[in-house]
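Reader: I have a protein model open and would like to learn how to read it. Could you walk me through some features, one at a time?

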Amino acid sequence: MKQQQGGGGGVLGVRFESQRFRLLSIVVGCFLISVTFLLSSRPEAGAFDTLSPKPWLEEARSTQTTPTTAIKTVKTSPKLGGRDFLVDVVPQRGAHGESHGRQPQQQSAGEKTETEWVKDTVIIEERIGGAGAGGTERAEQEEAESGVNDAAGAAQGTATEEEEAAHHDDLPAQTMGAAVTTAQPAVLKTTTATQPDQLPVPGLFSDKETQKVGVRTMKLQDELQQTPAIIKQTTPLPPLCDFSDRRADICDFSGDIRLDANTSSYIVVVDPAVPGQSHKVRPYQRKGDETCMGRVTEITVRTSSSSSPPPQCTRTHTVPAVTFSIGGYTGNIFHDFSDVLVPLYNTIHKYGGDVQLVMTNVAPWWLVKYDKLLRTISHYAPIDLAKAAAAGEVHCFPHAIVSLRAHRELIIERDRSVDGLATPDFTRFIRRALSLPRDAPSRVADGTDRKPRLLIIARHRTRILLNLADVILAAEGAGFEAAMSESDVGDPLSRVGAEINSADVLVGVHGAGLTNMMFLPPGATLVQVVPWGGLQWIAHMDYGDPAEAMGLRYVQYEIGVEESSLKDKYPRDHEIFTNPTAMHKKGFGFMRQTLMDGQNITVDLDRFRGVLQEALGNYLAQ
């Protein structure tokens with residue numbers, strides 16, 4: 001039994017010694033792993049440093065308690081014309097190539113560099129590392145606000161910024177923690193993990209020049225080849241011209257504008273880095289009509305280019321310019337108003353007369369005829385572009401519009417007008433400019449025996465009203481004071497306006513003469529006699545819709561085959577009678593020659609008396 005017990009004690013002793021050995025092996029292994037980790041994390045540390053770790057441990061503690069300073073500087077160089085450049089942050093080294101207060105840091109291949117531009121900005125930020133995590137979070141927030149989310153920075157992907165600071169014994173305490181920030185829109189900024197002691201600024205100073213920040217000196221380098229190419233942010237100009245309108249192409253632009261009359265060109269002076277624009281516009285409101293637009297001078301609207309300097313001003317204006325043509329179909333009163341005068345009023349009313357008119361394709365008689373309207377709408381004598389070109393003039397403006405804003409025929413649509421104008425505003429302007437006395441028809445109960453006045457517009461070349469005298473007698477029999485207007489194109493506008501303004505009812509065959517309804521007082525009645533040939537739609541578009549837009553009463557009388565002289569030219573089974581609208585497919589030239597200029601009219605008096613009664617009823621209802 002004793003031997004057995006003794007043998008059991010020996011076994012237990014061996015087991016205990018084995019456990020101690022294994023425990024010792026674990027301790028030694030942990031120690032070796034720790035030493036290996038320390039050596040690998042600080043490869044520059046020697047064996048003796050490992051045996052006595054106190055110095056570098058104290059240095060590590062000193063580094064953690066040292067105030068961190070973050071300096072980020074982006075400078076704008078006057079020598080580069082205000083252009084931006086990158087700033088590399090490079091540690092300042094001592095006499096033996098060692099940085100102050102810390103070990104040199106190298107950027108490994110796996111590190112990322114975040115790049116973005118900062119425009120027209122000098123940012124100097126110095127922060128105390130003692131602020132701890134809160135200071136770091138604030139720095140990161142300010143970085144985000146200064147443009148990390150900018151489109152240029154976002155294109156580089158998501159990157160992080162690490163700014164470490166060195167301890168400077170010579171930095172005054174009052175400068176520590178100071179932050180001076182001037183923020184502008186961010187465009188490109190370069191941030192690397194390095195010490196911010198030297199800030200090389202290529203191209204601003206020579207390599208011997210220095211700039212001081214506090215007590216520290218930042219050496220400025222001129223090694224352009226070591227920095228990225230300078231990128232200057234330029235905002236593209238909005239389109240100078242709008243080609244979407246169906247009636248006219250319109251250009252509207254501001255800035256340093258030069259009108260070179262010799263080349264019929266508007267030149268907008270811009271920075272050479274701004275993308276260029278060049279457009280050609282014919283400033284007349286019949287877009288798509290090649291015959292008409294072929295009579296209109298082409299205007300070029302473009303930006304300046306680095307290859308040729310802009311022309312020098314011979315005359316500088318302080319008011320905007322509005323350029324338009326009085327070529328095209330002008331000379332016909334309908335086109336004078338629908339293509340020029342109504343759109344002109346709609347375009348420049350907002351300027352209150354402080355606007356310079358620039359005209360192309362000028363006819364002197366046109367200026368004479370509409371002189372009162374032009375003088376009312378602008379305080380300045382118009383510029384004839386052809387005369388200005390002959391004199392070699394260059395006019396300069398702060399703002400310019402080329403072409404006019406036209407809506408429908410003789411109509412200003414309030415919902416499309418920039419100033420909320422409508423057609424009655426234009427007719428009111430006409431009456432005031434020409435000093436027309438009546439703003440409403442005469443009233444029945446005005447205490448006089450005056451009859452309502454009916455005025456018939458006589459035509460002498462085409463679409464003649466052959467039984468005009470009988471129509472006058474019928475009108476007088478219906479209760480009107482009837483008369484005939486024989487105004488001519490050359491008559492003064494004020495005289496024609498006064499005659500039309502005296503009428504309560506205006507009667508006429510479809511044609512330009514009906515444009516004189518502009519002078520009627522609101523509430524008066526227009527009667528349009530429509531020739532044969534399916535012309536109802538064009539008659540209503542040209543005069544019916546505008547009359548209603550002006551506040552007039554409108555009556556449309558459409559003649560029958562027996563009232564047209566076409567019955568004497570074509571057999572009754574001809575398509576011109578059986579299906580006249582099908583002939584419209586032959587084009588407007590055919591329509592005009594055959595259906596408009598090719599027939600005269602003899603109205604059926606019995607039918608027409610009904611129209612006269614309707615017009616009289618409109619008058620009595622006032």
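**Reading a predicted model**

Author: Happily! Let's begin with a group of charged residues: Asp245, Arg408, Glu413, Arg416 and Asp545 are joined in a network of salt bridges. Keep in mind that this is a predicted model.

Reader: What can side chains of opposite charge do when their charged atoms come close?

Author: Such side chains can pair. In this structure there are 23 salt bridges. One of them joins arginine 408 and aspartate 545, whose closest N and O atoms are 3.2 Å apart. This pair links distant parts of the chain, with the two positions 137 residues apart in numbering: arginine 408 is in the loop between S18 and helix H11 (423-433), and aspartate 545 is in helix H14 (residues 536-549).

Reader: Is arginine 408 buried, exposed or partly exposed, and how does aspartate 545 count?

Author: Here a cut-off helps: buried means under 20% relative accessible area, exposed means over 50%, and partly exposed is in between. Arginine 408 has 34% relative accessibility, so it counts as partly exposed. Aspartate 545 has a relative accessible area of 23%, so aspartate 545 is partly exposed too.

Reader: Which salt bridges involve buried residues, for example arginine 431 or aspartate 504?

Author: Take each in turn. Arginine 431 meets aspartate 439 in a salt bridge, at 2.7 Å from N to O. Arginine 431 is buried, because its relative accessible area is 5%. Aspartate 504 forms a salt bridge with arginine 438, and the closest N and O atoms of that pair are 2.7 Å apart. Aspartate 504 sits in the loop between helix H13 (493-501) and strand S21 (505-509), while arginine 438 sits in the loop between H11 and strand S19 (453-457), so the pair ties together parts that are 66 residues apart in sequence. Aspartate 504 is buried, with a relative accessible area of 2%, and arginine 438 counts as buried at 15% relative accessibility.

Reader: Now the strands, please. In which sense do S10 and strand S18 pair, and over how many bridges?

Author: To read a pairing, look for the partner strand, the sense and the number of bridges. S10 and strand S18 (residues 394-402) pair in the antiparallel sense over eight bridges. Within this pairing, arginine 258 stands opposite cysteine 396 in S18. Strand S10, which covers residues 250-260, also pairs with strand S9 (residues 241-242), in the antiparallel sense over two bridges. There, aspartate 242 has isoleucine 250 in S10 as its bridge partner.

Reader: How many bridges pair S10 with strand S11, and how many residues lie between the two in their hairpin?

Author: S10 and strand S11 (residues 265-269) are paired in the antiparallel sense over five bridges. One pair to find is aspartate 256 with its bridge partner in S11, valine 269. The two strands form a hairpin with four residues between them, and serine 264 in the turn has a positive phi of about 50 degrees.

Reader: Is serine 264 buried or exposed, and what does it contact beyond its sequence neighbours?

Author: Serine 264 is buried, as its relative accessible area is 15%. Leaving aside neighbours within four places in sequence, serine 264 is in contact with Thr297, Glu298, Ile299, Thr300 and Leu385.

Reader: Thr300 is on that list. Where is threonine 300 placed?

Author: Threonine 300 is in strand S13 (residues 299-303). With a relative accessible area of 10%, threonine 300 is buried. Not counting residues up to four places away in sequence, threonine 300 touches Ser264, Ser265, Tyr266, Ser278, His279 and Lys280. With lysine 280 there is a polar contact between the two side chains, at 3.1 Å.

Reader: What about nonpolar residues on the surface?

Author: Look for nonpolar side chains that form a patch. Leu24, Val28, Phe31 and Leu32 do so here, with about 400 Å² of accessible area together. Valine 28 belongs to helix H1 (residues 2-41), and it counts as partly exposed because its relative accessibility is 40%.

Reader: How many helices and strands does the chain have, and what share of its residues count as buried?

Author: The chain has 17 helices and 23 strands, and 44% of its 622 residues count as buried. Among contacts between residues at least 6 apart in sequence, 76% join residues at least 24 apart.

Notes:
Residues numbered from 1 in each chain as written. Predicted model: local features only at pLDDT ≥ 70, side-chain atom pairs only at ≥ 80, totals over all residues. Heavy atoms only, no water. Pairing = 2+ DSSP bridges. Buried < 20%, exposed > 50% of the residue type's maximum accessible area, 1.4 Å probe, protein only. Contact = heavy atoms within 4.5 Å. Patch = residues over 30% accessible without salt bridge, like charges linked within 9 Å, V, L, I, M, F, W, Y side chains within 5 Å. Areas by Shrake-Rupley, 256 points an atom, 1.4 Å probe, with all protein chains shown as cover. Salt bridge = Lys/Arg side-chain N within 4 Å of Asp/Glu carboxyl O. Polar contact = N/O pair within 3.5 Å; in protein donor to acceptor, adjacent residues only side chain to side chain.
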